[in-house]
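The exercises below are meant to be worked with the coordinates open beside the text. Each task is followed by a solution that proceeds step by step.

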Amino acid sequence: MTSHLPRRRLWRLARLPGLLLLAAALPLSVLAALPAWAASALSAWRFNREGVLELRTAPAAVLQAFYEEGRAGVGPRVWIDLPGAPQRTRTIPGSGAVRQVRVGRPGEDTTRLVFEFQPGTLLDPTRLRLVGTSADRWRMELGPAAAASFPIGEGDLEAPAAPSWRAQVPWQPRLPQGPMPSTAGLPDVPRGRYTLVIDPGHGGPDPGAVGINGLRETDVVLDVSLQLASLLQAKGINVLLTRTSEVDVDLPPRVALANNSRADLFLSIHANALSLSRPDVNGIETFFFEGGRSRALAQAVQDQMLAISPGSPDRGARPGRFFVIRRTVMPSALLEMGFVTGSLDSPRLADPGFRRRMAVAIANGLLRYLVANP
Ligand code: ZN
């Protein structure tokens, strides 16, 4: 439980008149037609080494920016409220003068992007302006004192501008219907005989791919990996994970864990990404390094992932040279469960129910492989 500290000197930052005109020029009926469940208007953000914040948003979104001065031990904060709720709230480590960035949900239908600076960072709120540079681009210059030591951000700032607000098709997740696949139907293998290493890709400061609505590969793969681990443990398989939380693990230790544990199998779990400007690219693929058992493992898992992903293209079980599958000595596969940048795959991967189906599907594929290759 936390108590609310009194806010000291809260400033609502000015937006440039041009921007206000932009918003005001929109027919009110269009704004009023926005569904209450609209996803976050925040599409991408970046904070650079010159202390410049750039945003990409839904076209003609109405934003509000705020500044709060620092106090003992806490640096100043700048935050921006945008319409629509974020897919999930999150905290991103900062760099340089930026201590931390948070994406919060202060209300049912609001996204709050918070930049907390290091204590002692000097910002002049009278000079801060959030400027709209086009219908969906924004810029705020916070100055060299606020600069990051390396650029931080989420999403694709370079994506082409949306044609127009009117042309936007309401976002409709197409989730697989029907009952959740039963874990009771999973094949049985001798208890205690097999050891599996599950490698949730990325983690910590490396979020992997970042897709639509800020959906991060690291979160998707960690959730599926943890569920997969408990499903297989219930089946009597010894499971080791290369990470169980949001930490950064380099690739060689992931391989060393697998090789030193004399595991029988290794699965590295990922989600794919292309540019946010290519939502048309979707699909599921599984990589193996060498044929034989690894190929059979990859194909078994690929088949089951496809079975729960109607409409998502089959990109195949195919050879790949990824470090973690090249250097592990046991049969191994690297799964790409779909594209976080794909219009079909992304809403699915963002859905906890679908991630559950995915975990059950991967468990099913792995157990079928073990039954066929004891
Ligand atoms: Zn990855």
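**Exercise 1. Determine whether G208 is buried or exposed, and describe its surroundings.**

Solution. The model is a predicted one, and the first step is to count neighbours: G208 has 20 other C-beta atoms within 10 Å, and is therefore buried, since the cut-off for a buried residue is 20 or more. The second step is to place the residue along the chain, where G208 belongs to the loop between strand 12 and helix 3. The third step is to list its contacts: with neighbours within four places in sequence left aside, G208 is in contact with G201, H202, R216, E217, T218 and H270. As a last step, take the C-alpha atoms of G208 and H270, which are 62 residues apart along the chain and are separated by 8.6 Å.

**Exercise 2. Work out what strand 12, helix 3 and strand 13 make together, and how the two strands are joined.**

Solution. Begin with the connection: strand 12, helix 3 (residues 217-234) and strand 13 make a β-α-β unit, and this unit is right-handed. Next, consider the pairing, in which strand 12 and strand 13 run parallel and are joined by 4 bridges; in one of these strands, strand 13, the bridge partner of I198 is L241. Finally, widen the view to the whole sheet, which is open and consists of 6 strands in the order 13-12-14-17-15-16, with mixed pairing. Its edges are strand 13 (238-241) and strand 16 (314-319), each of which pairs on one side only, and the twist from one strand to the next averages 20°.

**Exercise 3. Find which strand is antiparallel to strand 15, and which strands helix 5 lies across.**

Solution. The bridges come first: strand 15 (residues 284-288) and strand 17 (residues 332-339) run antiparallel, with 3 bridges joining them. A particular pair can then be picked out, because T286 has L335 as its bridge partner in strand 17. Turning to the helix, helix 5 (residues 293-307) lies across strand 14, strand 15, strand 16 and strand 17, and runs at about 170° to strand 15.

**Exercise 4. Explain why the buried residues of helix 4 line one face of the helix, and identify what they pack against.**

Solution. First, collect the buried residues of helix 4 (residues 251-260), namely R254, V255 and A258. Looking down the axis of helix 4, one finds these residues within an arc of 95°, so they line one face of the helix. On the face turned away from the buried side, helix 4 carries the exposed residues P252, P253 and N260. Then trace the partners: the buried residues of helix 4 pack against strand 12 (195-200), strand 14 (265-272) and helix 6 (323-326).

**Exercise 5. For R262 and N213, state where each residue lies and whether it is buried or exposed, and give its phi.**

Solution. Recall first that most residues other than glycine have a negative phi. R262 departs from this pattern, with a positive phi near 50°, and so does N213, whose positive phi is near 60°. As to position, R262 lies in the loop between helix 4 and strand 14, while N213 is found in the loop between strand 12 and helix 3. Counting neighbours completes the step: R262 has 9 C-beta neighbours inside 10 Å and therefore counts as exposed, since the cut-off for exposed is 12 or fewer, whereas N213 has 22 and counts as buried.

**Exercise 6. Identify the residues that touch the most other members of the largest nonpolar core, and the helix that gives the most to this core.**

Solution. The largest nonpolar core has 60 residues, of which M305, A333, V340, I362 and L366 touch the most other members. Helix 8 (residues 352-372) gives the most to this core, contributing 11 residues. Apart from this core lies another, of 32 residues, including W45, Y67, V78 and L123. To examine one member of the largest core in detail, take I362, which touches L228, V301, Q304, M305 and L335 when residues up to four places away in sequence are not counted.

**Exercise 7. Determine whether N282 is buried or exposed, and which residues N282 touches.**

Solution. Start from the position of N282, in the loop between strand 14 and strand 15. Its neighbour count is 22 other C-beta atoms within 10 Å, so N282 is buried. Not counting residues up to four places away in sequence, N282 touches S312, P313, G338, F339, G342, L344 and D345. A final distance check concerns N282 and R315, which are 33 residues apart in sequence and, from C-alpha to C-alpha, 9.0 Å apart in space.

Key
Residues numbered from 1 in each chain as written. Predicted model: local features only at pLDDT ≥ 70, side-chain atom pairs only at ≥ 80, totals over all residues. Arc of directions from axis to C-beta. Contact = placed C-beta atoms within 7 Å. Core = buried A, V, L, I, M, F, W, Y, C linked by C-beta atoms within 7 Å. Axes fitted to C-alpha atoms, helices over the stretch in contact; angles between N-to-C directions. Right-handed = clockwise from strand over helix to strand, strands pointing away.
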